[in-house]
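Colleague: I am new to this structure and should be grateful for a close look at a single part of it. Please begin with one pairing between strands, and work outwards from there to whatever surrounds it.

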Amino acid sequence: MSDTPSTHRQAALREIQQALPALAWTSEPARVARLSQDFSWFSPVLKGVLEGKVADAAVRPRDEAELREVVAACARQNVPITLRGGGTGNYGQATPLHGGLVIDMSDLKRFAWVRDGVGRAQSGIRMSEFDQHTRAAGWELRCMPSTFRIASLGGLFAGGFGGIGSINYGPLGAAGTILGVSAMTVEPEPRIIELRGAEALMQHHAWGTNGIVLEIELALAPAADWSEAIYTFTREADCMAFANQLALAPGLAKKNICVWLDPIPRYLTRLAEHLPAGQHAVAAVLAPSSLEAARALAESLGGKQTYEDNTEEATRQNRTVLEYTWNHTTLHVLKEDKGITYLQVSFTAGQHLEQVAQVRQAFGDDVMLHLEFIRSMDGQTTCTALPLLRYQSEAHLNEVIRRFREMGIRVNNPHVNVVEDGKFGGAVPPEVLALKRRFDPRGLLNPGKLKSWVQAGVEMAGAQ
Ligand SMILES: Cc1cc2nc3c(=O)[nH]c(=O)nc-3n(C[C@H](O)[C@H](O)[C@H](O)COP(=O)(O)OP(=O)(O)OC[C@H]3O[C@@H](n4cnc5c(N)ncnc54)[C@H](O)[C@@H]3O)c2cc1C
């Protein structure tokens, strides 16, 4: 690919900084390096690939007008732009591969409105703040990542999947949740364009390569009070049966169902008093009215409830089980053992329990299973997993991935740094590329991350 020579880029950036002195710039190398990183260190492979990949400078616009000024200047001077929300992404999504400018979107955080089950806010707002605003009006987010305290709405939309709440509403990308976005083009005279429905979803999970998302409009769920509980089981099959029946039970209201098969609970030391040694566990967030029936279900399968709390209070006290679910399980295990890494897989609805048993049979404790129950894009109840395994080599990871795929289990490789090799699992549709052409004709947004654009030979077409 052609690239903007670094000396030209740096000189251009200096000129931009001089022309826009009132903006909140960061040029101090250690801070710029920090703003160029996310949680890609979960992957020993990406750690190597992304070593030394840093921006030349960072800026934090205070409003849309400042954003527009800096974007226009970058477009005129062919300076690459990488957007950053909370910086909690896992694949180096917000790490610039070709230097340039990191634009920290965290000050663009105005909550616009909530009405009739729909809310709209600027993309830099934290998920937790968005939820507080909508809760005051009787609504809550349909799904949010376990990083809800720090992650931004724009970062979830451009880089995430869903998470807490996906047991009811499926992934964020399921039709009907994202209603619209407004986004800015990267041109000498940037335009703001509103995209609705399916067109808006073309900017979902594109890692900020096809537009600067300014505002997002979401359908919401009725706000509810939530409780959380942990159930433990001696037998793995009983634990899985409980989680599955809880997920399917139409009369039990739930927000998250997470499974930690032994030996994972041994790593969750801060929850040790609720996780008896050698047992398998389910951490569930349920309506208070569902707790009694859930406990009875657990007991009917030989399980025991070991913990209960109010989720709002537990969150306030920094002890909610929600921050042990999804990739937080990986985080807690990594704190105990830095030699572990992870994969991301989804099981086939209807065959998921058999596939889980097959994985356990094939790998034993070499692949430790942490599972999350969700509804799939087409509404079926299934589970996904963030399996944990000791890192040996990239070749070993690829061999494990191959064996999972051989069993018919979908793997989204979290050790890659391009859009197509991750969740997309192949070339992005032509209409996504067409949208990129419309929003980023010079290929300045997060260059290097959209392989199909590079292959089409148009990456940074205007670069000198
Ligand atoms: C411990 C842990 C747990 C996690 N749990 C979950 C989970 O439950 N579910 C889940 O889906 N993910 C999860 N993640 C991944 C990540 O936290 C989420 O996807 C999160 O929503 C990302 O938001 P962010 O603001 O931190 O994004 P960032 O990391 O800042 O950015 C992510 C991507 O979005 C782009 N971007 C950011 N803002 C904009 C914008 N305004 N316009 C266009 N592009 C933009 C960036 O360039 C980047 O490519 C987890 C990660 C960790 C480390």
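Modeller: A suitable place to begin is Thr341, whose bridge partner in strand β21 is Leu389. The model is a predicted one, and the values that follow are computed from it. The pair Thr341 and Leu389 belongs to the pairing of β16 with β21, the latter covering residues 388-390; these two strands run antiparallel and are linked by 3 bridges. Strand β21 also has a neighbour on its other side, for the open sheet has 3 strands in the order β16-β21-β18, with antiparallel pairing. Because β16 (340-342) and β18 (367-368) each have a single partner strand, they form the edges, and one side of each has no neighbour in the sheet.

From the edge strand β18 one can pass to another part of the chain. Met368, which falls within β18 (367-368), is touched by Pro263, as is Asp365, when residues up to four places away in sequence are left out. Pro263 itself sits in the loop that connects β13 with β14. The peptide bond between Asp262 and Pro263 is cis, with omega at about 15°. This deserves attention, because most residues other than glycine have a negative phi, and most peptide bonds are trans. Is Pro263 buried, exposed or partly exposed? There are 14 other C-beta atoms within 10 Å of Pro263, so the residue is partly exposed; the buried class would require 20 or more, and the exposed class 12 or fewer. As a measure of the span of the chain, Pro263 and Leu108 are separated by 155 residues in sequence and by 42 Å in space, taken from C-alpha to C-alpha.

The strands on either side of that loop pair with each other. β13 and β14, the latter at residues 280-286, are antiparallel and share 6 bridges; among the facing residues are Ile257 and, in β14, Ala284. β13 has a further antiparallel partner in β19 (residues 370-375), to which 3 bridges join it. In that pairing Val259 is matched with Leu371 of β19. How many of the 7 residues of β13 are buried? The count is 6, and the strand, which spans residues 254-260, is thus mostly covered.

Strand β14 leads on to the interior. Val282, which lies within β14 (residues 280-286), is among the residues with the most contacts inside the largest nonpolar core, together with Cys74, Ile81, Leu101 and Ala243. The core has 119 residues, and at least three of them come from each of domain 1 (111-222) and domain 2 (227-411). Leu101 shows how such a residue is surrounded: beyond its neighbours within four places in sequence, its contacts include Leu13, Ala55, Val59, Cys74, Val79 and Ile81.

The two domains just named are those of the domain assignment for the protein chain. Their C-alpha centres are 26 Å apart, and the contact between them takes 11 residues from domain 1 and 17 from domain 2. On the domain 1 side, the touching residues comprise 5 nonpolar and 6 polar ones, with no charged residue.

The ligand is the next point of orientation. Its shell lies between domain 1 and domain 2, because both give residues to it. There are 38 residues around the ligand, and those that come nearest are Gly85, Gly155, Gly160, Gly163 and Gly208. By class, the shell has 22 polar, 14 nonpolar and 2 charged residues. Which elements supply at least two residues each? They are β3 (81-84), α6 (153-159), β10 (212-219) and α12 (327-336), and α6 provides the largest share, with 5 residues.

Two further loop residues complete the tour, each with a positive phi although neither is glycine. Asp116, with phi near 50°, stands in the loop between β5 (111-115) and β6 (118-122). It counts as exposed because it has 9 C-beta neighbours inside 10 Å. Asn446, with phi near 45°, occupies the loop between α15 (430-439) and α16 (451-455). Here the number of C-beta neighbours inside 10 Å is 26, so Asn446 counts as buried.

Methods:
Residues are numbered from 1 along each chain as its sequence is written. This is a predicted model: local features need pLDDT of at least 70, side-chain atom pairs count only at pLDDT 80 or more; totals for chains, interfaces and linings use all residues. A residue is near a molecule or strand if its C-beta atom, placed from the backbone, lies within 6 Å of it. Helices (H or I, at least four residues) and strands (E, at least two) are DSSP runs, numbered from the N terminus. Ala, Val, Leu, Ile, Met, Phe, Trp, Tyr, Cys and Pro count as nonpolar, Asp, Glu, Lys and Arg as charged, and the others, Gly among them, as polar. Domain bounds come from an automatic or database domain assignment. Two strands pair if DSSP finds at least two bridges between them. A nonpolar core is a set of buried Ala, Val, Leu, Ile, Met, Phe, Trp, Tyr and Cys residues joined through C-beta atoms within 7 Å. Two residues are in contact if their C-beta atoms, placed from the backbone, lie within 7 Å.
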